[in-house]
Amino acid sequence: MYQVLYRKYRPKVFADVCGQDHVTSTLKNEIKENRIAHAYLFTGSRGTGKTTCAKILAKAVNCENRHDGEPCNACEVCTGLDSGAIYDVVEIDAASNNGVDNIRDLREEANYTPTRGRYRVYIIDEVHMLSTGAFNALLKTLEEPPAHVIFILATTEVHKLPATILSRCQRFDFKRIQPETMAVRLKQVAQAENMSLDDDAAVLIARLADGALRDGLSILDQCAGTSAHIDSKLVSEIAGLAGREMLYQLSDCICNRDSSQAIDIVSQLYQNSYDMERLCTEMINHFRNFLVVKTVKKSRGLVICSDSEFESIVKCAADFSLESIIYALDLFQNTLAKIKTGASARIEMEMTFIKLCEPGLDTCSDAILDRLSKLERKVQGYAAPQAKTKESAGFADRQGVSAENAPENKKSANTNHESEDAADIRTALSDNPNPHEDEQRTGHMSTLQSDGSQDEKTGERREFEQWAEFMDMIYASDIALFGVLNGAKGFIKDEFFLIDSPNPTVREFIKIPTHAKAIKQALFDVTGIHYKLGLYKQKNASRQPKRDLLEDLINQAQNNVKINFE
């Protein structure tokens, strides 16, 4: 009968166990030195070799001709344990035998000596499924078992085990198998089965298996049922993945704010029966690669892919800021959690892409930070044309043209500490695009000024008269903060500095430590006093229509660049 690959190629000696050298080397040394413990605990994620190592250990301690801590797999005991003819090794599934009565039966049976081997070995799989009463019944026997009994407990959720159980076992933690290590093993199995497995397909299977070799072999087995030649395209079809080109198209839509194209791609994938939960996971991994490339200097070893795809990842990651990548990852993670709780996967994915393509729709602090980072990048890019101007002036001098007559050198004649380019940008940031709103704001501030005079007499609250100097300090240290505070006023009340601004983002902005520190430092530089920050609340203030002021700020900055530099 046909045997699936993960059963057919299950290791029979410690040397064949893949990716768990820290466990197998210790177990082999204990067996060689005859320092065998009475209770072991194997913990780790699924498919990493816990049960396999438990079976090898059970054979090794009973083997008649073991060599270097390994079972021979040829003696009567080894063959008998493999075939089931010898009953000295007992496997118990704690998921279906989790009651007190089951453990009591085990305790009574443990008193009998082994029939053929040296030890009676009890392998309890998924031991965390035992009930509280069952754990209590096992506790005494686990602490002081008969000399001929060994317990091997295996679990994927070690945090559910009582501390009294943990303290009585030798614990071995099984790691997730690295993708490059798993890919080598998959190639070996494919060669043994006369399959043609491409390198990129092996890497893709290893990445999909998420550290579980059993899952990787299952995917390989499923692909082999379709074709003897296995490439990355076949793996994507079998696993229900979106192609790599689709992932890049979706990230380009986010970068270009093309929500319509993003929804069309999601709809196309849905019609082709691609799993939306899997698509969300793939987008998380896709942006995780961007995050690694942006933050790690030697990132090649942390991104499992071909060299050509790594170049594509680096190129695509350059179009995103670090804040936008983190925001996208948070949004996809939240979407995945919602999908797992039963929400409509397609609708959740469509909503996520619309939020990423239309950042003005999301008013959370992470979305605001992402948009502010884009504004900062635009503002920092204003210095590039100025540098180009200086190069042009130098070129004119080398050609014998007077620097004074060179048109590119006109703006560099400004001797102030602040360049004309920066002054133009500052003017653009200061302009109020809505004159009616300016009139309303003027009337509103006159009321506050009268209130300030009255408060000054009572010693409660007064208007901050050094606002212009304060804004100069902010402009020099934090240009994005300057844009948000533009059009605002300040008031002093006791030890508090209160900000009165029509911009709704001010509240979230001053919560950010870097910006709050910039405000406090500017206040100290101007007044010599350390103030606490707060917001000015005007009673009976008329509500203004809600506008996306940050978007207006970005548009003003872009228009100013076109006017001055194009």
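Among contacts in the protein chain between residues at least 6 apart in sequence, what percentage join residues at least 24 apart? In this predicted model, the share is 74%. The protein chain contains 26 helices and 11 strands. Of its 566 residues, 43% count as buried. The area exposed by the chain is about 29800 Å², of which carbon and sulfur atoms supply 48%.

One open sheet is built from five strands with parallel pairing, in the order β2-β3-β4-β1-β5. The edges are occupied by β2 (89–93) and β5 (170–174), each of which has a single partner strand, so one side of each is left without a neighbour in the sheet. On average, neighbouring strands of this sheet are turned by 15 degrees against each other, direction ignored. The edge strand β2 pairs with strand β3 (residues 120–125) in the parallel sense, over five bridges. Within this part of the sheet, V90 has Y122 in β3 as its bridge partner. Helix α6 (residues 132–143) lies across β1 (39–44), β3 and β4 (149–155). Relative to β4, helix α6 runs at about 130 degrees.

Aromatic side chains were examined next. The structure holds 16 aromatic pairs. One of them is formed by F332 and F353, with an edge-to-face arrangement, a centre-to-centre distance of 5.6 Å and 70 degrees between the planes. Because F332 belongs to helix α16 (residues 322–340) and F353 to helix α17 (residues 345–357), the pair ties together parts that are 21 residues apart in sequence. Both F332 and F353 are buried. These two residues also belong to a cluster, linked by ring pairs, that includes F287, F290 and F320.

A second pair involves W467 and F497. Their ring centres are 6.3 Å apart and their planes stand at 15 degrees, so the pair is stacked, given that planes under 30 degrees apart count as stacked. Distant parts of the chain are linked by this pair, since W467 is located in helix α22 (residues 467–477) and F497 in strand β10 (residues 496–500), 30 residues apart. W467 and F497 are both buried.

A charged side chain also lies against an aromatic ring: R300 is placed over the face of F310, at 4.9 Å from the ring centre.

Conventions. Residues numbered from 1 in each chain as written. Predicted model: local features only at pLDDT ≥ 70, side-chain atom pairs only at ≥ 80, totals over all residues. Heavy atoms only, no water. Phe/Tyr/Trp six-rings, centres within 6.5 Å; stacked < 30°, edge-to-face > 60°. Helix = DSSP H or I, 4+ residues; strand = E, 2+ residues; numbered from the N terminus. Buried < 20%, exposed > 50% of the residue type's maximum accessible area, 1.4 Å probe, protein only. Lys NZ or Arg CZ within 6 Å of the ring centre and 35° of its normal. Contact = heavy atoms within 4.5 Å. Areas by Shrake-Rupley, 256 points an atom, 1.4 Å probe, with all protein chains shown as cover. Pairing = 2+ DSSP bridges. Axes fitted to C-alpha atoms, helices over the stretch in contact; angles between N-to-C directions.
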